[in-house]
Amino acid sequence: MDDPKKRQRAALMRDHNFKWLLRGGVISMLGDQLTMVALPWLVLKLTGDTLALGFVIALMSIPRAVFILIGGAVVDRYSPKRVLMLSKYANALLLGVLTLLVLNNQPTLTLALSDSLSLTVDMNAHLTLMLIYVLAFGIGLAQAFGIPSGTSIMPQAIAAEHLQAANGVLMGLRQVSMLIGPLLAAGLLAISGSGGGDGVVADARGLAFAFGFDCFSFLVSAWTLSKVGTLKAPEHTEAPQSVLRSVGAGLAMVWNDVPLRLCFIYWGTVSLFIGGAMQVALPVLASEKLHGASAFGLLMGANGAGMLLGMAVAALAGARLRFASFGTVLLAGDAIAGVLVMPLGAVQAPWQACALMLALGLLSGYMQINVFTWIQRRVPPHMMGRAMSIFMFIFMGLAPLSAAGAGWVLTKIPLSQLFLGGGIILVVFATLAYLLTPIRSIGSDNTANTPQPQ
């Protein structure tokens with residue numbers, strides 16, 4: 001008997017646009033993971049200062065969070081494909097400069113300005129670090145435009161009936177890259193980075209290769225993106241307006257759409273209160289109770305494997321696993337996650353923590369696919385960039401505040417109480433949202449139930 005789901009998956013894999021998005025996505029994801037490992041390692045090799053490392057990470061995170069709403073407005077004005085293409089070229093340029101900076105790791109650098117004039121620059125560690133700060137800021141700024149454009153292009157390139165499966169494949173590949181990429185980077189640094197040197201950055205070959213590969217990956221993915229066509233132009237066009245007014249229009253669109261407003265407020269509340277707690281609590285758990293960094297790696301690996309499995313289930317099974325409306329499934333998933341978080345602080349062996357993290361990852365991966373697909377189906381194409389930028393801002397802007405709060409809370413209470421309290425808060429929030437708001441009746445697409453304000 002012919003299976004309609006198999007026919008849909010086969011049609012997706014034959015889709016011209018999806019094949020080009022898939023090819024570019026694979027190489028770009030691997031390149032991103034190499035830089036995520038190589039950049040912190042470069043700063044530590046250069047300075048040995050964890051404060052400098054934290055500053056570099058902050059310089060990448062702050063512009064990404066601050067400008068992502070503007071990035072979403074720009075995406076809607078100029079199209080996701082055009083903005084994504086420019087962000088890829090910008091990233092390639094920045095990583096190319098970083099590659100040359102690491103390769104030319106000499107105490108002095110001579111710049112030939114003309115046949116008779118040259119400038120000798122003292123390439124001391126301080127100057128090199130300043131340049132890294134500038135490049136890190138530029139990378140974060142480019143991501144503020146690349147993220148909303150990357151998450152907005154799918155509905156304009158893939159047929160609506162294939163969105164869930166396409167999201168599952170691409171997000172699953174991203175999860176695979178998060179498992180393979182760090183191992184590849186570590187091996188690359190161990191092999192290519194061997195050998196001494198008297199430059200500013202010792203053993204720089206492996207670092208330069210990692211940055212160079214990421215630069216190359218952006219150029220290749222820009223080429224594959226050029227092969228992607230759009231299904232149709234957005235049906236609705238807005239009158240020209242300033243970027244800030246465009247951001248305001250995006251916020252107004254989310255606010256006036258009751259299901260979007262309810263979900264975004266709920267996600268923002270959860271993110272603010274407990275979204276960043278796990279980022280702080282898990283390393284502390286590994287350090288204090290599970291014997292160090294290797295245990296932390298196991299925890300993250302188990303969570304990543306669970307997310308990959310959950311994404312695969314969502315992509316392959318689709319709506320067949322949905323036992324209720326989208327809103328009810330969303331709240332039930334959060335409540336179950338809260339129950340799984342509660343015992344994390346009481347584990348006595350790594351395998352116990354890994355089992356809980358595997359289950360949390362499975363649940364998270366399944367829900368991520370459903371949430372992204374729901375937003376993509378609900379939001380009009382001409383507003384997609386702004387909607388996705390607001391969605392990403394909720395987590396990028398509020399989770400760091402939650403992480404800072406969790407760090408302070410851990411100075412007052414034991415780790416076990418933080419996990420227990422965080423799990424209870426998540427269960428309580430999900431329960432209250434189910435009982436007191438119309439979230440439970442939100443359907444899975446535009447034609448489903450649309451709750452009215454209460």
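## Exercises on a predicted model

A nonpolar surface patch in this predicted model is made up of Leu-420, Ile-424, Val-428, Leu-432, Tyr-434, Leu-435 and Leu-436, which together have about 630 Å² of accessible area.

**Exercise 1.** Take Ile-424 from this patch and work out which helix holds Ile-424 and whether Ile-424 is buried, partly exposed or exposed.

*Solution.* Start with the helix: Ile-424 sits in H16, residues 415-436. Next, look up its relative accessible area, which is 40%. Buried means under 20% and exposed means over 50%, so Ile-424 counts as partly exposed.

**Exercise 2.** Find which residues have the most contacts inside the largest nonpolar core, and explain where this core lies relative to domain 1 and domain 2.

*Solution.* The core has 65 residues, and Phe-264, Trp-267, Leu-285, Ile-375 and Phe-391 have the most contacts inside it. Helix H14 (residues 350-378) gives the largest share, 13 residues. Now turn to the domains: because domain 1 (1-228) and domain 2 (243-444) both contribute residues, the core lies between them. Another core, of 29 residues, lies apart from it and includes Leu-101, Leu-129, Ala-204 and Ala-208.

**Exercise 3.** List what Trp-267 touches, leaving out residues up to four places away in sequence.

*Solution.* With those neighbours set aside, Trp-267 touches Leu-330, Val-371, Trp-374, Ile-375, Phe-391, Ile-394 and Phe-395.

**Exercise 4.** Describe the whole protein through its helices and strands, its buried share and its exposed area.

*Solution.* Begin with the 16 helices and two strands. Then note that 47% of the 454 residues count as buried. Finally, the protein exposes about 21200 Å², with carbon and sulfur atoms supplying 69% of that area.

How values were computed. Residues are numbered from 1 along each chain as its sequence is written. This is a predicted model: local features need pLDDT of at least 70, side-chain atom pairs count only at pLDDT 80 or more; totals for chains, interfaces and linings use all residues. Side-chain values use heavy atoms; hydrogens and water are left out. A nonpolar core is a set of buried Ala, Val, Leu, Ile, Met, Phe, Trp, Tyr and Cys residues joined through side-chain atoms within 4.5 Å. Buried means under 20% relative accessible area, exposed over 50%, partly exposed in between (1.4 Å probe, protein chains only). Helices (H or I, at least four residues) and strands (E, at least two) are DSSP runs, numbered from the N terminus. Domain bounds come from an automatic or database domain assignment. Contact means heavy atoms within 4.5 Å. Accessible areas come from the Shrake-Rupley method with a 1.4 Å probe; for residues, only the protein chains shown count as cover. Patches are made of residues with over 30% relative accessible area and no salt bridge: like charges are joined within 9 Å, nonpolar side chains (Val, Leu, Ile, Met, Phe, Trp, Tyr) within 5 Å. A salt bridge is a side-chain nitrogen of Lys or Arg within 4 Å of a carboxyl oxygen of Asp or Glu.
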